[in-house]
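These are my notebook entries on one protein chain. I recorded what I looked up, item by item.

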Amino acid sequence: MDHNEHWWQKSVVYQIYPRSFMDSNGDGIGDLQGIISKLDYLRNLGVDVIWLSPFYASPNADNGYDISDYQKIMEEFGTMEDFDELLKEAHQRNLKIIIDMVVNHSSDEHEWFKKSKAGIEPYRNYYIWRKGVDGKEPNNWRSNFSGSAWTYSEERQEYYLHLFHKKQPELNWQCAELRNEIYRMMNWWLDKGVDGFRLDVINYIGKNPEFPDGVIGKDGLGDFVPYAVNLPISHDYIKEMNSQVWHNREGILTVGETPFASTDDAVQYSCLDNTELNMVFQFEHMDLDNAEDGSKWSDRRIPLLELKRSFSNWQRKLYGKAWNSLYWCNHDQPRVVSRLGNDTDTWWNKSAKMLATCLHFMQGTPYVYQGEELGMTNYPFSDIRDFRDVESINAYHEYTETLHVDSDKMISYLRNKSRDNARTPMQWDETDEAGFTTGVPWMPVNPNYKVINAAAQIGDEDSVYNYYRKLISLRKEHPIIVNGDFELVGEDDADVFVYLRHWKDQILWVACNFTDRMQKIVSPSSNHAEYRKWHVICDNYSPSGDAFEKDQIELQPYEAVAVLGNP
């Protein structure tokens with residue numbers, strides 16, 4: 001089946017976390033003018049779309065994902081004039097811009113919430129309010145950021161729901177007036193010229209109106225997921241959003257963040273009939289290193305066998321029905337070269353390239369998170385005072401004070417999984433603060449910036465940066481990467497990830513060694529005699545383009561090879 005119908009199926013998206021990307025005025029905080037100054041860097045990389053994490057007015061309880069005004073720019077980031085300039089300059093370079101849209105919740109400092117708390121119509125029902133039960137919270141739900149998901153308002157004499165921080169009250173999507181306000185606001189941004197939306201936790205917007213108690217965990221609180229995530233009503237809301245906002249507009253990209261989504265859920269959200277979204281972010285592969293009880297905090301590594309089965313499942317079940325988002329990193333995930341590769345001086349370059357190869361030859365739209373194209377690594381956190389992320393700080397106190405986890409052990413969990421790993425400043429060069437700012441950065445720069453930085457890599461043909469450039473160009477050059485099906489090879493091999501892509505009369509064979517040891521594997525030419533011409537199109541150890549006729553291949557440590565077969 002030919003999926004090659006939409007521009008975003010052939011595109012690569014680059015995510016910018018504005019606070020940490022580039023500071024233009026020396027206040028230690030990245031800003032819109034800083035992004036403008038680096039547009040040529042992104043154009044040279046070859047990406048097609050910029051995804052901007054929230055830049056709206058916010059008190060920053062959750063670094064901008066708590067929005068107090070959807071149509072105003074955060075003062076630290078600049079002005080609306082700066083945003084208009086960014087949009088214009090990006091479009092002049094044929095770069096599209098999609099913006100993070102957070103409409104499951106707002107800030108408690110939004111005017112809507114202030115008026116809702118005061119009982120003013122029509123805002124009274126814009127949020128989810130409930131009376132307490134027996135002098136306690138309405139139910140036992142746990143917040144994603146630890147503690148109860150309910151907070152009491154003295155002014156309103158009721159509890160409001162917040163599945164994240166208490167300063168992020170849940171919007172009440174049952175309220176038609178609220179939905180229409182949201183649609184008007186989203187249309188305002190599209191009228192301004194943005195090219196689409198990344199929709200934050202969009203599968204949370206429908207809740208069970210009975211608010212039943214959840215299954216109790218070790219902290220004594222209940223799991224809200226069965227009653228507030230992936231409910232059928234969310235599909236109704238998203239279809240309405242589609243029809244009211246982007247259905248009659250050409251070329252709009254929509255991607256939904258959908259934690260806990262299954263492949264069946266994803267087919268509904270991103271069905272190729274285009275009644276909901278273009279694609280979704282799922283988290284199955286990102287949850288494979290969770291603790292045995294399912295919690296995020298652990299020092300486990302993702303088992304390759306489970307990773308292969310997960311990717312294969314999503315590649316096969318969405319083929320011809322929906323569209324995959326391909327990602328290793330984002331603002332909520334640790335750096336992949338530390339998580340799945342090897343961030344030692346010896347292997348970080350090769351393992352970063354291997355991981356990129358493994359992902360970018362699959363079907364779907366690849367997302368590159370700022371610094372991923374440089375092989376940026378996790379930060380060497382050693383003390384809770386090093387962290388800025390509210391999720392990490394709350395978890396540390398909960399685990400050490402309530403669950404009695406050893407402090408050093410908890411720091412090791414945070415060092416492994418904290419969102420702050422992704423939020424250290426972008427490493428531009430080897431000057432002070434990695435060239436990110438002339439001031440004091442809002443968060444410390446990774447001390448390895450003198451080795452890992454953009455300036456050192458742009459002119460180096462063997463750099464991670466230039467390897468990403470090659471992968472991005474190959475996607476545009478070979479339709480099989482966009483359109484081919486997926487076949488996992490060697491499902492039980494715990495060291496090497498091998499897969500095939502088939503399209504028309506071509507076959508693409510990709511092999512990735514996830515270890516620091518040599519690995520012998522069978523060549524594709526041995527099993528596919530009908531393909532007589534084999535050529536290496538990508539290899540992180542040697543130049544590509546060589547004829548490929550070996551019966552057995554010996555992969556070097558962290559080597560990745562992509563080979564194209566023709567009749």
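**Entry 1: surroundings of N187**

I began with the contacts of N187, leaving aside residues up to four places away in sequence, and found that N187 touches Q244, V245 and R249. I note here that the model is a predicted one. N187 itself belongs to helix α6, which covers residues 176-192. I then compared sequence and space for N187 and W246: the two are 59 residues apart in sequence, yet their C-alpha atoms are 7.8 Å apart. Is N187 buried or exposed? The relative accessible area of N187 is 17%; because the limit for buried is under 20%, I entered N187 as buried.

**Entry 2: division of the chain**

I looked up the domain assignment next. Domain 1 is made of two segments, 9-106 and 176-471, while domain 2 takes 111-161 and domain 3 takes 484-566. I recorded 55 Å between the C-alpha centres of domain 2 and domain 3.

I also consulted the UniProt record. In an unreviewed entry, UniProt places the feature "domain: Glycosyl hydrolase family 13 catalytic" at residues 15-423. Over residues 15-423 I noted 33% helix and 12% strand, with the end C-alpha atoms 12 Å apart.

**Entry 3: the sheet of 8 strands**

I traced an open sheet of 8 strands, with parallel pairing, in the order β11-β10-β9-β5-β2-β1-β13-β12. Which strands form its edges? They are β11 (279-281) and β12 (325-326), each of which pairs on one side only. At the β12 end I found 2 bridges to β13 (residues 365-369), and these two strands run parallel. Within that pairing, L326 has P366 of β13 as its bridge partner.

**Entry 4: helix α13**

I checked the length of helix α13, residues 390-402. Its 13 residues should span 18 Å at 1.5 Å a residue, and I found its end C-alpha atoms 17 Å apart, which agrees. The expected value is 18 Å because the span is 1.5 Å times one less than the number of residues.

I then listed the buried residues of α13: V390, E391, S392, A395, Y396, E398, Y399 and T400. What do these buried residues of α13 pack against? They pack against α14, residues 407-417. As background, I wrote down that an α-helix has 3.6 residues a turn, so residues three or four places apart point the same way.

**Entry 5: the sheet of 3 strands and its loops**

I found a second open sheet, of 3 strands with antiparallel pairing, in the order β6-β8-β7. Its edge strands are β6 and β7, and each pairs on one side only. I recorded 2 bridges between β6 and β8 (residues 158-161), which run antiparallel. R130 stands opposite Y159 of β8.

Two backbone features in loops that adjoin β6 went into the same entry. The peptide bond from E121 to P122 is cis, with omega near 0 degrees, and P122 is in the loop between α5 (111-117) and β6 (129-130). D134 is in the loop between β6 and β7 (150-153). Phi of D134 is near 55 degrees, a positive value in a residue other than glycine. D134 is exposed, with a relative accessible area of 77%.

**Entry 6: E433**

I looked up E433, where phi is again near 55 degrees, positive in a residue other than glycine. E433 is in the loop between α14 and α15 (454-458). Its relative accessible area is 29%, and I entered E433 as partly exposed.

**Entry 7: strand β17**

Along β17, residues 519-522, I followed the alternation of the side chains. Q519 and I521 point to one face and are buried, while K520 and V522 point to the other and are not. I counted 4 bridges from β17 to β19 (residues 552-555), the two strands running antiparallel. I521 has I553 of β19 as its bridge partner.

**Entry 8: cysteines**

How many disulfides does a search of the whole structure find? The search finds 0. C538 is in no disulfide, and I recorded 9.2 Å to the nearest cysteine sulfur, that of C512. With 0% relative accessibility, C538 counts as buried, whereas C271 is partly exposed at 26%.

Methods. Residues are numbered from 1 along each chain as its sequence is written. This is a predicted model: local features need pLDDT of at least 70, side-chain atom pairs count only at pLDDT 80 or more; totals for chains, interfaces and linings use all residues. Side-chain values use heavy atoms; hydrogens and water are left out. A disulfide is a pair of cysteine sulfur atoms within 2.5 Å. Buried means under 20% relative accessible area, exposed over 50%, partly exposed in between (1.4 Å probe, protein chains only). UniProt positions are given in the numbering used here, feature names are shortened, and annotations may be inferred rather than shown by experiment. Two strands pair if DSSP finds at least two bridges between them. Domain bounds come from an automatic or database domain assignment. Contact means heavy atoms within 4.5 Å.
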